[in-house]
Amino acid sequence: MEKPDINQALRINHGRKLDELRPCCTDRFDVYIKLSLIEAMTSAEGKQRRLSEAQLARAKALAGIDATDPDVSPPLGAVLADPAQLSHNNTYGRLPRFYVDRLVVCRNCGTEEVWPAERQKWWYEEAKGNINTQAVLCRSCRAAERKRKDAARAAAGHGSHTK
Ligand SMILES: [Zn+2]
């Protein structure tokens, strides 16, 4: 197969024919890397990746914020807490006044993920999770864990779990 030159490669990519081109480029790292960059900048998947990177960066920046501090005003994007829904917590400590997206480093696989403020509100206020608990697994490890537990339950003969 004829090797593509970089300009041709870029032109072809512009026409979204990246998948056709890539197999013959594996020995051409320069082309491959440039194509990957362009793909990241143009494709929907790339946009999604940039979006989650921005969300991660934001969560990291917000990591130091004390949501229980009465002198701290909720940052943009914060979700306000409902104190009445947090009364199940048997604590003399201060409860959060709001939730912000938090960074979770998966205990299982090390993936960095954002635990969205809305999901935290759901966990603490609707699911009545204890205020000292937090997400420790990423989404895919949580799903795998749930599957494993379901399978174990079914194997133990308590397979009454229905969707
Ligand atoms: Zn994980």
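This note goes through the zinc site, the cavity and the salt bridges of a predicted model.

1. The zinc ion is held by four protein donors, namely the SG atoms of C106, C109, C138 and C141, which lie 2.3 Å from the ion. The angles among the four donor atoms run from 105 to 114°, and the site is accordingly classed as tetrahedral. As the model is a predicted one, these values describe the computed coordinates.

2. Along the sequence, the donor residues of the zinc ion follow the spacing C-x2-C-x28-C-x2-C. C109 sits in the loop between strand 3 (102-105) and strand 4, while C138 sits in the loop between helix 5 (117-126) and helix 6, so this pair ties together parts of the chain that are 29 residues apart in sequence.

3. Two of the zinc donors may be set side by side for their solvent accessibility. C138 has a relative accessibility of 2% and counts as buried, because the cut-off for that class is under 20%. C109, with a relative accessible area of 43%, counts as partly exposed, because this value falls between the 20% and 50% limits.

4. The cavity search, under the rule applied here, returns one cavity of 30 Å³ or more. The largest cavity has a volume of about 50 Å³, and the residues that line it are V104, E113, V114, W115, A135, L137, C138, R139 and R142. Strand 4 (112-115) and helix 6 (139-155) are the elements that each give two or more residues to this lining, and strand 4 gives the most, with three residues.

5. What is the make-up by class of the lining of the largest cavity? The lining has six nonpolar and three charged residues, and no polar ones. C138 deserves a second mention at this point, since this residue is among those lining the largest cavity and its SG atom is also one of the donors of the zinc ion.

6. Turning to charge pairs, side chains of opposite charge can pair when their charged atoms come close. A search of the whole structure finds seven salt bridges, and among them is the one in which the side chains of K60 and E112 meet, at 3.1 Å from N to O. This pair links distant parts of the chain, with K60 in helix 4 (residues 44-62) and E112 in strand 4, 52 residues apart. K60 counts as partly exposed at 43% relative accessibility, and E112 is likewise classed as partly exposed, at 36%.

7. Helix 6 contains a salt bridge between R148 and E145, in which the closest N and O atoms are 3.0 Å apart. These two residues are three positions apart in the helix, which is about one turn. R148 is partly exposed, with a relative accessibility of 49%, and E145 is partly exposed as well, with a value of 27%.

8. A further salt bridge in helix 6 joins the side chains of R153 and D150, with an N to O distance of 3.1 Å. Here too the partners are three residues apart, about one turn of the helix. The relative accessible area is 36% for R153, which is partly exposed, and 25% for D150, which is also partly exposed.

9. Helix 6 and strand 4 recur through these points. Helix 6 holds both R148 and E145 as well as R153 and D150, while strand 4 holds E112, the partner of K60; both elements also contribute to the lining of the largest cavity.

Notes. Residues are numbered from 1 along each chain as its sequence is written. This is a predicted model: local features need pLDDT of at least 70, side-chain atom pairs count only at pLDDT 80 or more; totals for chains, interfaces and linings use all residues. Side-chain values use heavy atoms; hydrogens and water are left out. On a 1 Å grid over the protein atoms alone, a cavity is a set of points where a 1.4 Å probe fits but cannot get out, and a pocket is an open set with protein on both sides within 12 Å along at least five of seven lines; lining residues have an atom within 4 Å of a point. Grid points are joined across faces, edges and corners, and a volume is the space filled by probe spheres set on the points. Helices (H or I, at least four residues) and strands (E, at least two) are DSSP runs, numbered from the N terminus. Ala, Val, Leu, Ile, Met, Phe, Trp, Tyr, Cys and Pro count as nonpolar, Asp, Glu, Lys and Arg as charged, and the others, Gly among them, as polar. A salt bridge is a side-chain nitrogen of Lys or Arg within 4 Å of a carboxyl oxygen of Asp or Glu. Buried means under 20% relative accessible area, exposed over 50%, partly exposed in between (1.4 Å probe, protein chains only). Donors are N, O and S atoms within 2.8 Å of the metal (3.2 Å for Na, K and Ca); water is not among the atoms, so sites may look incomplete. Four donors count as tetrahedral if all angles lie between 85 and 135 degrees; four count as square planar and six as octahedral if opposite donors are over 155 degrees apart and all others between 65 and 115; anything else is irregular.
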